Structures are given as C-alpha cells and as structure tokens.
Amino acid sequence: MKRRIAILGLATVLCLSLVFGVGAATKPKLNAKKITITKGEQYKLKVKGKNIKKKTFMSTNKKVATVSKKGVVTAVNVGSCKIKVIIKLKNKKKKKLTCKVTVVKKQTPKTVQPTKKPAATQVPTTCDPDDIIIQRPTRKPTETTPAPTTKEKPTFKLPDINV
C-alpha cells in the first residue's frame with residue numbers, strides 16, 4: 001500500500017513538472033545560422049531560449065557588416081563575415097553562437113536605352129548660315145562582275161510568227 005502511494009505521488013509530481021515547464025532549460029539558439037543580404041539592407045538576429053541574462057553581439061569585420069546591441073545586422077560592403085553572440089545565462093554559464101553573413105552587391109535591373117540617331121543636317125542657332133557645309137552621303141561604288149567567258153558561241157532562237 002505504501003509503495004502504491006509513493007508511485008502515485010511520484011507520477012503526480014512528474015506530470016505537474018511537465019505541465020508547468022519545470023523541466024530543463026532550452027538551449028539558446030539563433031534564428032539563422034547563415035544569411036545573405038544586399039548592401040544597405042538590414043536583418044534582425046534573434047536569440048531564442050530560456051534563462052538568458054545578457055546578450056552581446058559582435059562583428060568579425062565591421063567593414064562588411066555591423067551589428068547593433070539589439071542584434072540588427074546592417075550590410076556595409078560586399079564580402080562576408082561572422083556575427084558572434086556571447087550569451088550569459090542565469091546560472092552564470094556562457095554560451096557562444098555564430099551566424100555567417102554574406103553581403104552581395106545590389107542588383108539593378110538593366111534598362112535598354114534607345115540609340116539616338118544623329119540628325120543629318122542640324123543648323124546651330126549661333127553660327128552664320130554661309131559657314132554651314134552640308135555633306136551629302138556618299139555612295140559606295142557597286143562592283144560589277146564581268147560575265148564569264150566561254151568558248152561557245154551563243155545561239156539565238158526566234159519565235160515562230162504566223163502571218
């Protein structure tokens with residue numbers, strides 16, 4: 001009988017601890033391990049987990065990407081770097097997390113501009129009309145190919161005409 005009461009009490013305690021979350025603390029994690037952003041863009045790094053006392057964000061290369069105290073990553077130049085996060089837990093332990101950041105160049109859509117044809121004869125308003133020389137387009141001489149020479153004499157046939 002005592003044994004049944006002890007088992008029932010232990011089962012009750014285990015069930016209550018699962019329901020109310022008195023289990024082990026979850027390990028801290030970043031919302032992204034690897035990000036690719038364009039130059040000038042921003043991305044918010046978030047740390048998920050319980051029992052977090054303090055978070056410190058650092059960039060390994062501030063010329064490529066900077067990070068604020070709240071975890072906002074700003075892309076500065078093209079390249080790659082790592083954002084390191086040092087987390088102090090409530091039980092006085094430290095945890096280090098990293099996120100690889102790749103910054104790429106902004107892609108601008110290429111627009112095709114129409115080619116401008118120069119005007120054949122434009123008269124500037126500041127010069128004298130007597131000084132204007134109009135050039136006419138020159139033709140390229142067409143090349144004529146000589147007829148092939150043959151030793152045979154040409155024969156001509158006249159049509160039959162009935163009178």
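Tutor: Two strands pair if DSSP finds at least two bridges between them. Strands are DSSP runs of E with at least two residues, helices are runs of H or I with at least four, and both are numbered from the N terminus. This is a predicted model, where local features need pLDDT of at least 70, side-chain atom pairs count only at pLDDT 80 or more, and totals for chains, interfaces and linings use all residues. Residues are numbered from 1 along each chain as its sequence is written, and side-chain values use heavy atoms, without hydrogens and water.

Student: How do you know that S8 and strand S9 pair?

Tutor: Count the bridges. DSSP must find at least two. S8 and S9 (residues 94–104) have 10, in the antiparallel sense. One partnership is Lys82 with Lys100 in S9.

Student: What makes strand S5 a partner of strand S8?

Tutor: Seven bridges join S5 (residues 52–59) to S8 (residues 79–89), so the cut-off of at least two is met. These strands run antiparallel. Met58 stands opposite Lys84 in S8.

Student: What lies between S8 and S9 in their hairpin?

Tutor: Four residues. Lys92 in the turn has a positive phi of about 70°.

Student: Why is Leu97 called a contact of Val85?

Tutor: Contact means heavy atoms within 4.5 Å. Leaving aside neighbours within four places in sequence, Val85 has such contacts with residues including Leu30, Phe57 and Leu97.

Student: Where is confidence lowest, and where is it highest?

Tutor: pLDDT is the predictor's confidence in each residue, from 0 to 100. The mean is lowest in helix H1 (residues 2–19), at 65, and highest in strand S6 (residues 65–67), at 96. Where pLDDT is low, the predicted coordinates should not be read in detail.
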